[in-house]
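Hi,

Here's the structure I said I'd pass along. Have a look, and then read on for what I found in it.

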Amino acid sequence: MPGALQLILGVILAWLALGLAGVFYPRNLYLVSRVLFPAGALGALALAAAALSALGGVTQSVVLPLGLPELPFHLRLDALSAFFLLLLGTVTAGISVFAAGYFRQGEGTAPGLQCLYYHVFIASMALVLLADDAYAFMVFWETMALSSYFLVTSDHAKAEIRRAGFLYILIAHIGAIGILLCFGLLHGTGDYTFDTMRAVQLAPLWATIAFALALFGFGAKAGMLPLHVWLPEAHPAAPSPVSALMSAVMLKTAIYGLLRVLFDLLHTQVWWWGVVILVLGLATALYGVVFSAVQTDMKRLLAYSSIENIGFILIGVGLTVTFQAYGMRALAALALTATLYHCINHAYFKSLLFLATGSVLHATHERALGKLGGLIHRMPWVAWLALIGTLAIAGLPPLNGFVSEWLLLQAFLFTPNLPQPYLNMLIPVAAAAVALAAALAGYVMVKFYGVVFLGQPREPSLATARDAGIWERIGLVWLAGGCLGLGLAPVWVIGVIDSVSGQLLGKTLGASATGWMFLTPISPDRASYAPLLFLLVILGVWALTWLAVRRFYHGQMHRAPPWDCGFEAQTARMQDTAEGFGQPIRQVFEPFFRMQRELPTPLDAKPRYRVSVEDHLWYWLYLPIVKFTQTISRVVTLLQRGRISVYLTYSFVTLLVLLLFVR
Amino acid sequence: MISWPGLIAQLTEILLAILLAPVLLGWVNQCRAWMQNKSGPGILQPYRTLRKLFAKEAVLAHNASPLFRAMPYALFACMCLAAAIVPILGTDLPFSPAADAIALVGIFALARVFISLAAMDIGTAFGSLGARREMMVGFLAEPALLMVLFNASLISHSTSLTTIVEHLAHVEFVIYPSLAFAGIAFTMVSLAENARIPVDNPSTHLELTMIHEAMVLEYSGRHLALIEWSAALKLFVYSCIGIALFFPFGIAEGGDAAGLLLALPALAAKLAIGGFVMALIEMISAKMRIFRAPEYLGTAFLLAVLAMLIHLLLGS
């Protein structure tokens with residue numbers, strides 16, 4: 001009987017074959033959307049099942065006869081890989097089904113080629129998660145970056161999309177350099193397999209440098225501050241299923257890499273590494289959420305929200321490292337559980353919302369929040385399913401986002417036992433910042449949902465918007481179901497995560513002491529949460545109230561024009577726009593933004609109001625670097641004369657200098 | 001574990017909270033009227049309002065979605081759940097393990113998001129204005145409330161509300177300095193969260209200043225009645241949280257009937273004093289401009305964080 005690893009490799013091969021089939025029939029939309037993408041979704045499900053079966057089992061590994069002569073590809077499936085493969089498989093299944101109904105002719109790249117890039121992308125992500133030597137890891141990592149680049153630039157006729165793609169591939173490569181150097185340090189003097197790296201004992205200084213390089217490299221991929229700038233450009237540029245895939249899965253491969261290096265390849269953890277990650281995570285979370293509150297493009301809003309969620313995940317990683325460094329293993333397991341739980345939660349709700357924006361985009365051809373509105377009447381399926389994602393991402397009980405936030409806050413509440421007093425002082429401030437960011441996420445999501453789906457349509461063309469097709473609905477229902485399931489069955493999910501904590505930390509959390517219904521991570525006295533009971537009480541009271549009101553009073557009502565304090569002449573333009581809804585945040589957090597306002601005077605015949613909100617970091621960090629690079633290259637160009645005699649002189653001088661030094 | 005007396009005590013508490021919540025609202029309004037030298041409508045006025053609203057026909061805007069109609073029931077259910085997990089009379093609550101202090105904040109957040117979404121549903125200028133302001137108040141009030149609850153959690157090493165109350169009730173008249181700061185923060189937050197002066201004015205329909213009223217402007221009949229009832233329930237639950245955290249003496253431990261019977265007059269007395277103090281605060285302060293609200297709530301938030309730092313510094 002083939003093992004789980006062989007099954008996963010089979011699925012990956014099948015994905016590549018599906019991609020190739022797309023190349024041969026690039027314009028055959030029927031084949032691509034009715035056969036290839038659904039088949040890919042089935043493969044993803046098989047991959048998820050195999051990963052799930054491998055979670056509790058032994059580590060499997062295989063050596064493929066590919067790659068360099070001395071260094072064939074090593075692949076290995078352990079609990080950490082299996083967990084992220086499970087995430088990839090289940091989420092990709094939903095996205096692929098949605099993609100079956102999404103890709104169509106006339107939107108940039110031909111559907112068959114999209115199919116190729118798409119399947120190469122998911123196959124390379126799966127292989128990144130399996131790689132067990134640095135060479136294979138880097139090859140798959142780069143394949144992932146390249147295939148996603150082609151997907152991002154699929155509408156390459158537009159200049160701003162090409163620009164977004166360039167920024168993305170640039171930062172991806174700068175990050176890759178960091179990862180490459182990190183592996184270079186880790187392998188010591190042996191070969192480049194991860195097994196060698198596990199055996200090498202690095203001196204503290206070198207270990208710290210390796211840590212910094214890994215944080216830089218994987219942070220660039222994850223969208224950590226200040227390397228986040230590509231994310232709000234690339235996500236809106238890509239087609240929606242691709243944005244979903246990038247945000248839900250690709251960012252998580254970076255988290256996977258960070259965890260792999262920190263807890264598997266490096267042996268020691270130093271407490272202040274954790275503090276560095278924690279502080280960067282806090283900055284990322286707050287920055288992301290504040291910026292997402294002022295966005296006016298729905299996909300950019302979601303992209304900034306991804307930055308925020310990556311911040312939350314990094315906070316969890318930071319706490320894990322600190323606890324593990326102090327030998328507080330039970331707490332480390334709690335923090336790691338919160339981290340991994342948030343990874344899978346974010347994968348579900350963010351892909352759900354990105355796909356929902358895809359449906360809205362196809363139905364209305366509009367991405368600007370200011371031109372949408374009232375879609376709950378025209379697109380009830382998308383609207384109600386997106387509501388689940390909205391509530392989940394806002395961190396509201398009983399959905400999944402709340403569970404991971406709950407676990408993270410529990411981890412914070414335990415920290416006062418740390419042996420480092422100054423660190424103890426930092427913790428309440430950090431917990432407060434986490435709570436603030438979580439509350440702001442609620443603000444952002446009310447804005448997103450309220451402006452897109454509620455209210456009156458802001459444009460007359462929205463009256464013709466059509467609801468999503470059957471394939472898109474299936475994909476959305478799958479992901480929304482995931483949000484519900486992850487929220488209502490935390491004990492089971494933590495049971496799955498426990499095998500990862502066992503592998504990385506040597507300690508598991510043990511989700512419940514009092515049965516499957518109650519989540520009691522430490523002890524029932526300390527904290528407990530039962531989402532199912534929670535939901536049942538709410539639904540029960542809801543039903544009872546409804547029945548009681550009907551029984552004792554009446555159900556009479558009639559429809560009338562909106563009241564609005566008796567103001568009859570109100571129009572759709574009097575609702576809050578996206579700018580209007582974000583205005584309090586712009587005012588409260590003014591120092592965060594680089595704002596330019598153009599306000600009309602009362603005398604203007606044609607009043608014009610314009611405000612642009614930009615990122616300080618772009619001006620403070622990136623433009624100076626660009627300027628510096630340009631100066632350097634200008635100096636270097638001085639050497640280039642374009643005359644053969646000058647070049648001969650250069651050679652001659654070099655020769656002389658060499659002769660002088662090397663006798 | 002679940003016991004029959006516990007279950008009966010639990011149901012009694014929920015029913016008590018639902019039925020008595022309007023009295024507290026009536027009491028606060030009556031106190032305010034007295035301080036303003038008015039005779040006041042009497043403390044039973046909220047019931048009369050509710051009866052009137054329930055009997056009336058509901059008028060719905062043409063473009064109201066099902067979300068708009070579902071919201072009042074969801075809001076009411078959220079507040080009932082909150083009432084179920086806060087120890088009001090005794091600490092033997094079978095529902096209590098279902099949700100702890102963090103989940104309590106989550107319930108309030110859920111209610112807030114629901115009411116804000118419903119306010120944006122009709123698409124009127126006032127609705128979205130109210131939703132925006134409510135979320136602005138919420139994004140600072142919510143973490144501040146969480147930090148206040150964290151203070152109590154740090155002292156009692158638990159986030160379960162019943163454990164917190166049992167622990168705090170056993171500490172014999174020792175005043176925690178951290179709880180003093182947290183108490184001020186909690187008072188500020190509960191004024192804001194319950195749409196009272198100085199953040200909002202419950203008795204105004206002056207468009208430029210309102211928050212809560214702007215959101216429910218489109219509601220009428222039974223829907224409005226449920227919203228008003230939920231608002232009363234929210235005030236009641238907040239008062240009970242304040243009592244449970246800062247004056248837990250007198251709350252019955254365990255589920256014996258005698259203890260619960262004794263706890264009832266104690267609760268009534270504490271609520272009466274609390275309502276009077278709330279009316280007094282409302283009397284002596286002025287409604288502030290809407291953009292002063294973040295400063296006010298930011299102060300509350302900082303005080304709560306400061307309380308946690310004090311707890312860690314003093315170790316108590």
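In which sense do strand E3 of chain A and E1(B) pair, and over how many bridges? They run parallel, with 4 bridges joining E1(B) to E3 (residues 557-560) of chain A. One of the pairings puts Ala560(A) opposite Ala61(B), its bridge partner in E1(B). Do keep in mind that this is a predicted model.

Now for the contact between the chains. Chain A puts in 68 residues and chain B 71. On the chain B side, the elements giving two or more residues are helices H2 (45-55), H3 (66-85), H4 (101-121), H5, H9 (221-246) and H11 (293-314), plus strand E1 (58-61). H5(B) gives the most to that side, with 17 residues. By residue class, the side of chain B that touches chain A comes to 47 nonpolar, 16 polar and 8 charged.

H5(B) deserves a look of its own. Helix H5 of chain B covers residues 125-156, and at 1.5 Å a residue its 32 residues should span 46 Å; the end C-alpha atoms are 46 Å apart, so the two agree. There is a bend in H5(B) all the same: a kink of about 30 degrees, centred on Gly138(B). Of the 32 residues of H5(B), 30 are buried, so the rest of the structure largely encloses this helix. Right after H5(B) comes His157(B), with a positive phi near 55 degrees.

Shout if you'd like to go through any of this together.

Cheers

Methods. Residues are numbered from 1 along each chain as its sequence is written. Chains are lettered from A and ligands numbered from 1 in the order in which they are written. This is a predicted model: local features need pLDDT of at least 70, side-chain atom pairs count only at pLDDT 80 or more; totals for chains, interfaces and linings use all residues. The expected span of a helix is 1.5 Å times one less than its number of residues. The bend at a residue is the angle between axes fitted to the seven residues ending there and the seven starting there. A residue is buried if 20 or more other C-beta atoms lie within 10 Å of its own, exposed if 12 or fewer, and partly exposed in between; C-beta atoms are placed from the backbone. Two residues are in contact if their C-beta atoms, placed from the backbone, lie within 7 Å. Ala, Val, Leu, Ile, Met, Phe, Trp, Tyr, Cys and Pro count as nonpolar, Asp, Glu, Lys and Arg as charged, and the others, Gly among them, as polar. Two strands pair if DSSP finds at least two bridges between them.
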